[in-house]
Amino acid sequence: MKLEDLHSVHFIGIGGIGMSAIARFLHFKGIRVTGYDRTATVLTGRLQDEGIEVYYEADVTKLDGVDLVIYTPAVPATHAELVAVRERQLPLMKRAEFLGLLSRSYRTIAIAGTHGKTTTTGLVTYLLKQGGIDVTAFIGGISRNFNTNFVYGESDWMVVEADEFDRSFLHLTPEIAVITSMDPDHLDIYGTPEELRQTFREFAHRVKPGGTLLVQSQLPRMDLEGVRVLDYGATEGAVHAANAQQEAREMKFDFHFPEGHASDFALNFPGKYNLENALAALYIGQILGLSGDTLREVLQSAKGVKRRFEERLQSEKVVVIDDYAHHPEEIRAVLSAVRSQYGQDRKIIAIFQPHLYSRTQDFHEGFADALSIADEVILVDIYPAREEPIPGVSSELIFERLEVEKKVRCKRDEIVEQLKAFRTTPALVMTIGAGDIDTQVANVVEEVKAW
């Protein structure tokens, strides 16, 4: 199938970050787009505002005349539209398969990793776009610079977040790729950490001959025939930072890479992990010919991605930061970054909603250990997403192992009421999780404004 053969595309599950980005791409191309989703959201509302037809009840008549149906694996096999598609033998692709199709038509930059990939994808997109390379990009979050998860461009370069879930990234054929991390995750799919790492190695082998692979310096070395492999890290690697210092709300550093170095860079969000994300993005800009002066200037104005260390309130008494972290290592990194930026002056109150029963089952000890970096914790019930409950698995598994000054367990809608008992200043309140905890952030902000 070729893109130029498509005139009408239908989506089953259009409202997700990844699906809505593809819908926008096709709409930009002048292709008719329709889509079903279970509930109305901010994203589906924006799609409708842009002229895309979105509806919330299964309707098989919407399949009439379509050239392709794109679906998300989160939709059950019994969904009426999905059943009708298979009965009619209409062309059907997962989101990952369609991105794979696109990656064979573009010069593709693919960013993979169990965490760090969304921020890095957003940074690569912003650096290249502002540097004069008119990329098309599919970002797994809302870029705060572009206020969207999709950026349309006229060049032959495409930036895509390479998702390891369901082995999706094995459909891609990138010219440049990054692997930010390979911490165990999605063990309901992979079974073992080694199987996950093996799949990342398979992804690495999909880089085109003559291409470049950047691998975080603490990860196992990968040797690929015909592909340049470079490691990168905050303090070590072929690509690394020197003289890195956290100054107020900026990370200052010098940028070193195999071909030379450039000085006096500043990143507007803290943490070793964010510095490493920026280094990978900067070197991709270097590969594509952007000067050190251009990269320095553009990075200074990079704002990152919504719900990735997003500051929602800043006052002398209270700071509120919202973050999408949903893996123990991500939580450890973001809470360590908070300690680094704000020191010991503020009491850290972490409000965490676990994402998935399977992830809680696999990593409850790691969650408890990471959350114990905070001073006090409000632990919310598990957000199930696509999963059915697992007997014996609840947020209590994490709660009983927490070693903090104060802790409470509650439902999502009880967060603000519980927070009243945690009132203290100066404080830093963090809302953490990949579920629907973000719907409570505005209420949290209003509560702590009165502290």
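Let's start with a pair of strands. Strand 1, residues 8–12, runs parallel to strand 4, residues 68–71, and four bridges join the two. Take phenylalanine 11 as a landmark. Its bridge partner in strand 4 is isoleucine 70. One caution before we go on: this is a predicted model.

Now widen the view. Strands 1 and 4 belong to an open sheet of five strands. The order is 3-2-1-4-5, and the pairing is parallel. Which strands stand at the edges? Strand 3, at 53–55, and strand 5, at 92–94. Each has a single partner strand, so one side of each has no neighbour in the sheet. From one strand to the next, the twist averages 20°.

Next, the helices on this sheet. Helix 1 covers residues 17–28. It lies across strand 1, strand 2 and strand 4. Strand 2 is residues 32–36. Against strand 1, helix 1 runs at about 170°. Then comes helix 3, residues 80–88. Helix 3 lies across strands 1, 2, 3, 4 and 5. Its angle to strand 1 is about 135°.

On to the other sheet. This one is open too, with six strands. Read the order as 16-17-21-18-19-20. Here the pairing is mixed. As a reminder, strands of a sheet pair through backbone hydrogen bonds, either parallel or antiparallel. The edges are strand 16, at 310–314, and strand 20, at 406–410. Each of these two has a single partner strand, so one side is left without a neighbour in the sheet. Ignoring direction, neighbouring strands in this six-stranded sheet are turned by 15° against each other on average.

Look inside that sheet at strand 18, residues 347–352, and strand 21, residues 427–432. They pair in the parallel sense, over six bridges. Isoleucine 348 is a handy marker: it stands opposite leucine 428 in strand 21.

Now a helix pair. Find helix 5, residues 117–130, and helix 8, residues 272–287. Their axes come within 9 Å and cross at roughly 40°. The crossing is right-handed. Who meets whom? From helix 5, the residues are Thr119, Thr120, Leu123, Val124, Leu127 and Leu128. From helix 8, they are Asn274, Asn277, Ala278, Ala280, Ala281, Leu282, Ile284 and Gly285. What classes make up this contact? Nine residues are nonpolar, five are polar and none is charged.

Last topic: cavities. There are three of 30 Å³ or more. The largest holds about 50 Å³ of space. Its lining includes Arg95, Glu161, Asp163 and Phe169. Two elements each supply at least two lining residues: helix 4, at 95–103, and strand 9, at 157–162. By class, this lining has six nonpolar residues, one polar and three charged.

The second largest cavity has about 40 Å³. Helix 5 comes back here. It gives the most to the lining, with four residues. Thr119 and Leu123 are among the lining residues, and both also take part in the contact with helix 8. Other lining residues include Tyr126, Ser143, Asn145 and Val305. Which classes line this cavity? Four residues are nonpolar, five are polar and none is charged.

Note on methods:
Residues numbered from 1 in each chain as written. Predicted model: local features only at pLDDT ≥ 70, side-chain atom pairs only at ≥ 80, totals over all residues. Heavy atoms only, no water. 1 Å grid on protein atoms, 1.4 Å probe; cavity = no way out; pocket = protein on both sides within 12 Å on 5 of 7 lines; lining within 4 Å. Points joined across faces, edges and corners; volume = space filled by probe spheres on them. Nonpolar A, V, L, I, M, F, W, Y, C, P; charged D, E, K, R; others polar. Axes fitted to C-alpha atoms, helices over the stretch in contact; angles between N-to-C directions. Left-handed = near helix turned anticlockwise from the far one by under 90°. Contact = heavy atoms within 4.5 Å. Pairing = 2+ DSSP bridges.
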